[in-house]
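Hi there,

Here is the structure I promised to pass on. Have a look at it first, and then read my notes below.

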Amino acid sequence: MSVEKSESINWKRLSIFSAIVVSLLFTSVIICKLILNDEFMCYLWNCPTDSKVDLFPQKLQWTEIDRLELPDKGFIISRTANTNHCYVMPYEEQNSVPVEGKPLVVIEPSVNYEIVAAILGEDGALFCSGYEVYFVKNIKIANAEYDRRRREVGKVYPSSGIFATAQDTGKKAVDLNIEDRHPRCKNIILDCYDYVGQVQSCYTWQNGAMFMERKCLEKTKFEIKMTKPPGRILKVAQQQMMLCLQRKEKGLEYFDSETNLKLLSCSLPKVTMAHNLQLPSVEDHELSAPYDVSNVPIELAESVKALRLQMTQKGANSALVEGSATSTDEPLKDSEYVDNIDGEDANSEYRRRVCSPRGLPIQTFRDALDINFQRVAISGEEVSGVPLEDLLHAADMIVEALKVRNKYMERAGQYMSKTVEKFIRHEYPANLESRFYKNLQNRDRGIFQSDIDQTENSALTANKSLAYHPPEAVLEKRPFDCEIPNSAGFYLKSVNGIVQVSRTQDGPIIEELESSYTELSEFVSDLLRMQSMIMNGPLKSFCHRRLSYLNAKFQLHILLNDIREMTEQKSVAHRDFYNIRKVDTHVHAASSMNQKHLLRFMKKKVRTEGNRVVLMRGDTPVTLEQVFKEVGLTAFDLSVDSLDVHADRNTFHRFDKFNSKYNPLGQSVLRDIFIKTDNYINGEFFAEVMKEVIADLAESKYQHAEYRLSIYGRSADEWDKLADWAIRNNVHSHHVRWLIQIPRLFDIYKSKNLIRSFQQMVDNVFLPLFEVTNDPSSHPQLHRFLRYVAGIDSVDDESKAEHSQMDHKTVTADQWVSEENPPYAYYMFYLYANIAVLNRFRKMRGFNTFSLRPHCGEAGSVNHLVAGFMTAESIAHGLLLRKVPVLQYLYYLCQIGIAMSPLSNNGLFLAYHRNPLPEFLAKGLNISLSTDDPLQFHFTKEPLMEEYSIAAQVWKLSNSDMCEIARNGILQSSFPENMKVHWLGPNYKEEGVLGNDVSRTNVPDIRVSYRYETLIDELYTIFHAIDNAVPKSETYTTTTSDHHRPLFSLNESAA
């Protein structure tokens, strides 16, 4: 009895509770219906298509619609004044007039004003400014099968190994917290090609409230089951709306985390969209390729992509192609582009690959199209990061500086970046768009479709054997034996410190050499102008920003492509870092051996030739044994410690103490005996130890060096003595080339009355070179020796104070008779001015030429780097570039070679961890590693490998980094053409990736392509600003027809 009563009471309560719940539910629906518009309700409750809000009432006056046709975008826009709406239709439906009952519907992915601008362009965005935008299309137009379209355009989803599945949490989808809902559907590959029969689950829709299950039936067919709890969606939507309103009150923008829905947009102007339940979800949920970094927010890119797919079939295909090219950057197969190398197809392919995911042009240049990697680029109209006024100001001065260097390099016949030259001559960027495919042709034969001047490589093309045979096979067995040419019969004289060549004794300069002469006044004017540039505030800011950008861009490149570069190197058979060619581009012959080697050599000579006379004191001969007895040591007593030639902490910032380290046992007499070419024994000991060093170099096979020998300028016979030393002792190897270093010691020579004026010092250096060029028989040994001399160096302590600076009052060399040492730039001018004339003269005679490669920027004034920028082909050290962003940027743009010696700098001027080498490398400066003085700074018989190993360990350089530095060293060096061809490949002079042969250099094509593309982008930013400095009037072409009014005018948009 009591039990039955209890049950009846429960049923009554349950009925009352159910009635209350139903009434509350209907009440809430009515309230939402009153508060929210029909579009939002349809969005929430999955309205059928025929119940959507009627956007096309009969009362709409369609005859008064303004229309804008955008055939290049594939759209047509209709704008109504009475409803304040903009309707966007596919271009092929341009004749459609929306009326009641017309099968046109509004489609909607969640978009904002940025997406409208990205799809319609600036004209379309301005046309619809202040209007609500609706995208419409014919409901009967069905999208083609996605898998078929992807394969038609060649888009292949890479197999990433990531195939997400939902974790079993024991809870229903709607009960999981947002952070617990994984995986997202956008992270699952919706391509069943490799997953037939598998089932995957994921969460999607608004913050993961919808659950989706996908089953792969066939390779091109899958089944999707979706579960959508409406109550949960409404709850989340209300939470998102409240959050947006709160942020709006605080003046903040709100962007939803999902691309499918944005309930309330806080960005202006507002873009209103109705919801379309037929929106396809395949493209929204595709998986990005590995290492993919989008140029724009994912939400924006995905929304644009979805909208384009729905508007037109053409838009869908374009989005698929664009996503493949710009996001994943997967290579096309050879069969897909073999027929499209030339003509329109090649250009359209290039344009396709330089568009951002939004379809906007991005500021980037694409090198060979088959070199694929993840590129980092900037989209937008202005990419410099500075105001337009500052950009124009900086670009104007940078171009002026580039023209100054180009003038001096062209005059002296020295190397200048061909890329910069073509920008200066306005050949670039006009000829950059049509590019090539490197790997379609036989790279070993050097046949590429390139816009490089083919005449420069005609000799290599004609003599292909040059590219395949080692230089050892063609080198002379007796290298110093050669025929002596006849005299040219010219007259030589030195005027104001520069040697002039004429046909008669007092005649004018010969016509062929007139253009190679440089006046001191011209040089001073250019120097002062350059010095003022590096102090210009806006230019310093601009260059600093660009250098910071280059550094950050390289870090992103490494982050995205390090594995790709490593994989490319591993695919190269036989070649690795140990068996690529490496050149020590800066090493002094007098200190080219390590301390243990010198000690061993000295001990041997004391034991075997102790009774040999090595010097004269007055009329008294002195033997080697007597010299050591005076020091108080025997051969047995000698040790590395007593030799005391290694730099230590006491030499830091003490160049005087460093110079004393050249004296073994602290005795300058031992320096004269063992490491001088001009002494009582005619430099025989020095020749022997040099030949031992060269033998060690040859034993390593892949290492080469450019040793510095000294010419002081104290007397005119120094050249003949040096040539006689080299030839008599047969100091030669194809692993070695010589540079001549000129110490800046005029003040010392003048104080000792060795010379009268600076012109006499210059004449002692250059007159013998002009004489042997004019008449080789006058200095036959020198003529033979000069065949293996590559350039001129200028050395001394740069940190010494300069008491005078160059200006328009500076006197010429013949008038510089004071004991004060001329400034660094003064030395550089007279070295350059004479080398420029000498190179032109020697080229006329068919002889080898010389390059100016001085020590520059190790210490002292930054103005040294200005003089180096104007006159030097490459420099050594360059440490001070870290303090001058303008010069650093100019050195980068011109790709001026910088031979850096971190261990040497660590012992003299800059601690190792502060050395700017890794930063210079990241920014793209043309740097190489060199040893400078192995006697003072190194311990092994392979000092160059010591430099590489320490740099790699301290700065964590990758194998690609070290191979790139080694390749730079070869390019900076002055070894003969045939040897560089053997080391780098027959096309090494070509720009970009075509100049790289990875099978010889082991430098990945990816790295070379990145460097070249980045340089092109920087030069384009500068020269494009100059070319567009004068504003052009914007004009819009309007057309009229019988069907509609003019499309668009500037006045209408302004109104």
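Let's start with one definition: a residue is called buried under 20% relative accessible area and exposed over 50%, and partly exposed in between. With a relative accessible area of 33%, Asp717 therefore falls in the partly exposed group. Do keep in mind that this is a predicted model.

Asp717 has a salt-bridge partner, Lys721, and their closest N and O atoms are 3.5 Å apart. Lys721 is partly exposed too, because its relative accessible area is 39%.

That pair belongs to a bigger story, as a search of the whole structure turns up 32 salt bridges. Another one brings together the side chains of Arg503 and Glu512, at 3.4 Å from N to O. How accessible are Arg503 and Glu512? Arg503 has a relative accessible area of 43%, so it is partly exposed. Glu512 comes out at 37%, so partly exposed again.

Now try Glu1018 and Arg546, whose side chains meet in a salt bridge at 2.6 Å, N to O. This pair links distant parts of the chain: Glu1018 sits in helix α35 (residues 1005-1027) and Arg546 in helix α14 (residues 537-570), with their positions 472 residues apart in the sequence. Are these two buried or exposed? Both Glu1018 and Arg546 are buried.

There is also a network of salt bridges to trace, which links Glu565, Asp961, Glu964, Arg1007 and Arg1011.

Next, the nonpolar side of things. The largest nonpolar core has 189 residues, and Tyr707 and Phe785 have the most contacts inside it. Which helix gives the most to this core? That is helix α25 (residues 824-845), with 15 residues. A second, separate core has 15 residues, including Ile77, Cys86, Val88 and Val133.

If you zoom in on Tyr707, leave aside residues up to four places away in sequence; among those it touches are Val587, Met690, Leu697, Arg737 and Trp738.

Last, the strands. Four of them form an open sheet in the order β20-β21-β22-β23, and the pairing is parallel. The edge strands, β20 (855-856) and β23 (927-929), each pair on one side only. Strand β22 (residues 897-900) runs parallel to β23 and is joined to it by three bridges. One residue to look for here is Met900, which has Leu929 in β23 as its bridge partner.

Happy exploring!

Terms used
Residues numbered from 1 in each chain as written. Predicted model: local features only at pLDDT ≥ 70, side-chain atom pairs only at ≥ 80, totals over all residues. Heavy atoms only, no water. Pairing = 2+ DSSP bridges. Helix = DSSP H or I, 4+ residues; strand = E, 2+ residues; numbered from the N terminus. Core = buried A, V, L, I, M, F, W, Y, C linked by side-chain atoms within 4.5 Å. Buried < 20%, exposed > 50% of the residue type's maximum accessible area, 1.4 Å probe, protein only. Contact = heavy atoms within 4.5 Å. Salt bridge = Lys/Arg side-chain N within 4 Å of Asp/Glu carboxyl O.
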